[in-house]
Structures are given as C-alpha cells and as structure tokens.
Amino acid sequence: MKMHNFNSGPSILPQEVLTEAAAAIHNFNNTGLSILEIGHRTSYFEAVLREAQQHVKTLMQLGDDYEVLYLHGGATTQFMQVPMNLLDTNATAAYCDNGIWGDKAIKEAKLFGKVAVAASSADKKHTYINKQLDIPADAAYLHYTTNNTVEGTQWHHIPDTQVPLIADMSSDIFCRPMDFSRFSLIYAGAQKNIGAAGVSLVVVKKDILGKISRAIPPIMDYRKHIEAEALLNTPPVFAVYVSMLTMRWIIANGGLAAMEQKAKERADLLYNTLDSLPLFNPTVAKEDRSLMNAVFLLPTPELEKEFLDLCKQNGMVGVKGHRSVGGLRVSMYNAMPLSSVEAMCHLMKDFSNKHA
Ligand SMILES: *Cc1c(COP(=O)(O)O)cnc(C)c1O
C-alpha cells in the first residue's frame, strides 16, 4: 500500500520521478550502465548536470550573473559556508531569528564574524514572522529562512533591504514564483522539495564573491566550484539526477505558478479544517502560516498519541511534530496530491467528532 506521506524531510517525491529514477539505477538512458556506475566527468552525467542547472535558472528566471552549484553537506554546511565566503572577521552580517534553523545559521556565522539579529520571533516561540527589521546599513548581507520547517511559519514577502539578501529555502524552494533576482545567494537542501538527500542547491550571484580577506579551503570556496564548472570534485551524482528529474516534473506540470496554486489548495483545505475543529489548535499566526508545513496541537499528550496511532492505522506517516516543538505537523510539499490532504482532513473530523 502506498502511504500518505506527510514527512517533513526527506519527504514525498512525484511518483513519475521515483519510477524514472528506479529505472535509471538499472539502465540509465539505455547506456547499459546504472546511473550509480557512471563517471561524473562523462558526457552522460555532464548532460544531467547541465540540464539541472538550466532548469534552476529557468524556474528562477535568472541570467548569466548567477551560477548554479550542487554541493555536498546539506543545508547545514551552508550555515558555515555562507559566512566563510561572505563575512569578513571584523564585519557584521544581519540574521533573522525565526526558528531553529535560522538559529543554527546564526551560531555558525558567529564563528566567522559579527552577527546583528535583525529580527527575532523568539518572544512568541517563533509562531509568527517579524514585519519590522533592524538591519545595520553596513551589514555584509541579510540572511533569513523563507520557510520555518519546524515551527510552520513562512515569509510571504521578500524582506525590503539594500544589503545583499541570502535565503535558506530548504523547505519551500520552487513552491511558488518569486523575484529570485532580489537574492544574492539562495541555498536549499534537496530532500524537502526537490529531490533526494545528499545534495544542496546553491545559487549565487557572482558579484558578491571575492570580497573578503580570509583564506578559504578550495572545497568550501564557491569561486573554486564556479571555476571548475560545478565539477570541482565528485558531486552526489544520483541526488543531482533526482533533482533534475523533479525540476523536469515541475516544468511539465505548469511551473511555479501551478505549484503555488496546488500548494494553496492543499493548505487552504487543511487550515480551514483545523480552524473549524475546536479540538485542534494551529499554533501559527494566520497571515504567516506555511504552505508547506502545518503545525498544530491537541489538548493533551494522550490525545496526540491517539491521533498519531489513528494516522498510522490509516497509512498516514510523518505527522509527529519536530522533537524541539512537539505537537503535530503535516508537511505538504509539491508532490503531495490533494487527495492525501483530503484523507487527513476526514480523519481529523472523525477524531474531533469522537471526542466532542
Ligand atoms: C531541513 C532543513 C535544514 C537542514 O538541512 P540538512 O540538509 O539536514 O543539513 C536547514 N534549513 C531548513 C529550513 C531545513 O528545513
């Protein structure tokens, strides 16, 4: 039985992508070789990589002033790699503190330079997005997390700032059209909305590089990756391939506008159901709710456990909240069919009726 997959990450991928990736493990493009067996400098893989890079630029509507890289180490490595490349020892970077991921990014940046917290939602357990930012005029950049996977908040606007903008888009990349040209650097671990674990997408505007004095180990230096045309060392070949297939799927299914429309349908249905059932308590301020991760509570740990058991019995996985915030979380990434959310909403109504 195919599960209703509400996992927060690694998470649901389109069925067509899984089918094609599975076939490529045995025979990639009729080469008689597995995608796992081909060299990363062969024309076979180079075609995959260049197509993936092109899809990123197409979806983001970016030109030649940007470079697309696929790097190891997950989004967590970017918490370090961003300041290592962009923040001089005596300089200051501005960071938004809207949850555990942004918090981790701040801690890592402090290893390299100074951090000014431009805004924090810690006063209300990160259940909202700050509307006012305090950004030092000389900040090297402003860093924020577009979607707070754990807390269930999402920025529905791009912060207004003159300093270079950097975003961790790990859990909502490609869920909606955006003016991506407002950003100097975008990164995203692939395993939430664009593919398999093991690779991070990094999109960087070239004009922000090379401005600091620190020596950078080549493998951590964006410029070295760009010089090597994204083949400085062996990239995670299979993970890049899956992300390329997912972008093909996004484009074939109407692109980012269509992804946003579907995301809104799913989120509207889920949040309207939560709002209509007094037993369930969605924690996030309405205007800041995430299209991707809905976080909510039940009145007691016993009810939470009962609800989770019920989910399990009904083939619904991934509903337990992150260990740091508890409660429950339903993740609804691009590949999620509306029918899975409908099934979840039915279950919520039944559960609510039983406990009315
Ligand atoms: C999952 C996640 C991360 C961490 O990603 P890793 O690939 O595990 O390093 C960072 N930021 C956000 C917003 C995330 O959702």
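**A ligand shell and two domains**

In this predicted model, 13 residues surround the ligand, and the closest are T76, T149, D168, Q191 and K192; a residue is counted here if one of its heavy atoms lies within 4 Å of the molecule. Residues are numbered from 1 along each chain as its sequence is written. Local features need pLDDT of at least 70 and side-chain atom pairs count only at pLDDT 80 or more, whereas totals for chains, interfaces and linings use all residues, and side-chain values use heavy atoms, with hydrogens and water left out.

Sorted by class, the shell around the ligand holds 3 nonpolar, 8 polar and 2 charged residues, where Ala, Val, Leu, Ile, Met, Phe, Trp, Tyr, Cys and Pro count as nonpolar, Asp, Glu, Lys and Arg as charged, and the others, Gly among them, as polar. Helix α3, which covers residues 74-86, supplies the largest share of this shell, with 4 residues; helices (H or I, at least four residues) and strands (E, at least two) are DSSP runs, numbered from the N terminus.

Several polar contacts, that is, pairs of N or O atoms within 3.5 Å, can be followed from the ligand to the protein. The side chain of T76 has an N or O atom 2.5 Å from an oxygen atom of the ligand, and a polar backbone atom of A75 is 3.2 Å from an oxygen atom of the ligand. A nitrogen atom of the ligand, in turn, is 2.6 Å from an N or O atom in the side chain of D168. Taken alone the ligand exposes 390 Å², and the protein buries 87% of that, with accessible areas taken from the Shrake-Rupley method with a 1.4 Å probe.

Turning to the wider fold, the domain assignment, which is automatic or from a database, gives domain 1 (15-252) and domain 2 (255-354). The C-alpha centres of domain 1 and domain 2 lie 27 Å apart, and their contact (heavy atoms within 4.5 Å) takes 27 residues from domain 1 and 25 residues from domain 2. The area buried between the two domains is about 2100 Å², of which carbon and sulfur atoms give 58%; buried area is the accessible area (1.4 Å probe) that two parts lose on being put together, summed over both. On the domain 1 side, V150, C175 and W249 lose the most area to domain 2, together 22% of what that side buries.

Two details of the backbone remain. G9 and P10 are joined by a cis peptide bond with omega about -10 degrees, and P10 is found in the loop between β1 (4-5) and α1 (15-26). N29, in the loop between α1 and α2 (43-60), has a phi near 50 degrees, a positive value in a residue other than glycine.

Note on methods:
Polar contact = N/O pair within 3.5 Å; in protein donor to acceptor, adjacent residues only side chain to side chain.
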